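Subject: Handover of a structure with its ligand

Dear colleague,

Please find below the structure that I am handing over to you. A short account of what was found in it follows.

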Amino acid sequence: MIRVTENLKAVRETVRNAAKVAGRAPAEVGLLAVSKRHPVAAIQQAIDAGQCDFGENYVDEGVAKIRELARKSLVWHYIGALQSNKTRAVATHFDWVHTIDRPKIAQRLNDQRPADLGPLQVCIQVNIDNEPQKAGVSPEAAHPLAEIIERLPRLQLRGLMCLPATREHETDQRVPFRELCALQTAMSANYPSMDTLSMGMSGDLSAAIAEGSTLLRVGTAIFGPRP
Ligand SMILES: *Cc1c(COP(=O)(O)O)cnc(C)c1O
């Protein structure tokens with residue numbers, strides 16, 4: 001049995017400390033529990049420990065969990081790669097999408113967002129280290145994509161997301177996060193609804209907090225290794 005309650009407590013403590021070191025208020029740093037590949041029982045433990053925001057990477061798995069936990073008031077974030085044939089399920093069931101990286105996906109999510117739900121909250125994924133195997137737009141391409149999203153009434157542009165390469169030292173790990181933060185600052189002058197920097201995972205959350213993260217995506221440190 002994974003000790004989700006204890007793990008969550010420890011992660012929150014780490015977040016508090018890192019925020020303090022960075023001179024930031026801990027309340028500025030949100031925590032999304034990444035529950036991909038973990039069972040509903042593990043999510044339930046996190047809910048019992050006060051966790052509300054959850055992240056999933058696979059559409060079918062995520063939708064099944066959302067349905068099973070439908071009566072709780074939770075916030076569900078889609079953080080995986082998104083293919084066109086899965087946009088309707090995401091637009092119908094999730095509250096956020098962190099991984100918008102092309103106009104076609106943005107347009108489909110907009111068109112398929114059910115009328116009885118509020119706008120879908122979205123972030124643009126930026127391939128901050130320009131890694132060929134990773135999704136996301138280049139920093140330069142984030143501006144034109146933001147312009148397209150801004151015109152879609154059923155989407156609300158909330159910010160930027162990145163998944164940088166792993167560095168050995170924290171000083172080096174902070175560099176890509178600093179770059180994303182600078183891009184966000186520049187863009188939010190044009191797009192005032194951009195208030196979210198989705199960055200930092202189990203292995204690099206202190207570096208991300210030091211550089212302005214407002215939403216950490218933490219899986220392993222909360223739920224243990226994925227089965
Ligand atoms: C799996 C995943 C995470 C969580 O990673 P951990 O290292 O387990 O904390 C965060 N963000 C994305 C996009 C992921 O796919």
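**Surroundings of the ligand**

There are 13 residues around the ligand, and those that come nearest are Lys 36, Asn 57, Ser 202, Gly 219 and Thr 220. Please note that this is a predicted model. By class, the shell around the ligand consists of six nonpolar, four polar and three charged residues.

Three contacts with oxygen atoms of the ligand may be described individually. Ser 202 places a polar side-chain atom 2.5 Å from an oxygen atom of the ligand. In the case of Gly 219, a backbone N or O atom lies 2.8 Å from a ligand oxygen atom. Arg 226 has a polar side-chain atom at 2.9 Å from an oxygen atom of the ligand. Of the 390 Å² that the ligand exposes when taken alone, the protein buries 89%. As to its location, the ligand sits in the largest pocket.

**Aromatic pairs**

A search of the whole structure yields two aromatic pairs. One of the aromatic pairs is formed by Phe 54 and Trp 76. How are the two rings arranged, by distance and by angle? Their centres lie 5.6 Å apart, with 35° between the planes, and the pair is tilted because the angle is neither under 30 degrees, which would count as stacked, nor over 60, which would count as edge-to-face. This pair links distant parts of the chain: Phe 54 belongs to strand β2 (residues 53–56) and Trp 76 to strand β3 (residues 75–78), with the two residues 22 residues apart.

With kind regards

How values were computed
Residues numbered from 1 in each chain as written. Predicted model: local features only at pLDDT ≥ 70, side-chain atom pairs only at ≥ 80, totals over all residues. Heavy atoms only, no water. Near = heavy atom within 4 Å. Polar contact = N/O pair within 3.5 Å; in protein donor to acceptor, adjacent residues only side chain to side chain. Areas by Shrake-Rupley, 256 points an atom, 1.4 Å probe, with all protein chains shown as cover. 1 Å grid on protein atoms, 1.4 Å probe; cavity = no way out; pocket = protein on both sides within 12 Å on 5 of 7 lines; lining within 4 Å. Sits in = over half its atoms within 2 Å of the grid points. Nonpolar A, V, L, I, M, F, W, Y, C, P; charged D, E, K, R; others polar. Phe/Tyr/Trp six-rings, centres within 6.5 Å; stacked < 30°, edge-to-face > 60°. Helix = DSSP H or I, 4+ residues; strand = E, 2+ residues; numbered from the N terminus.
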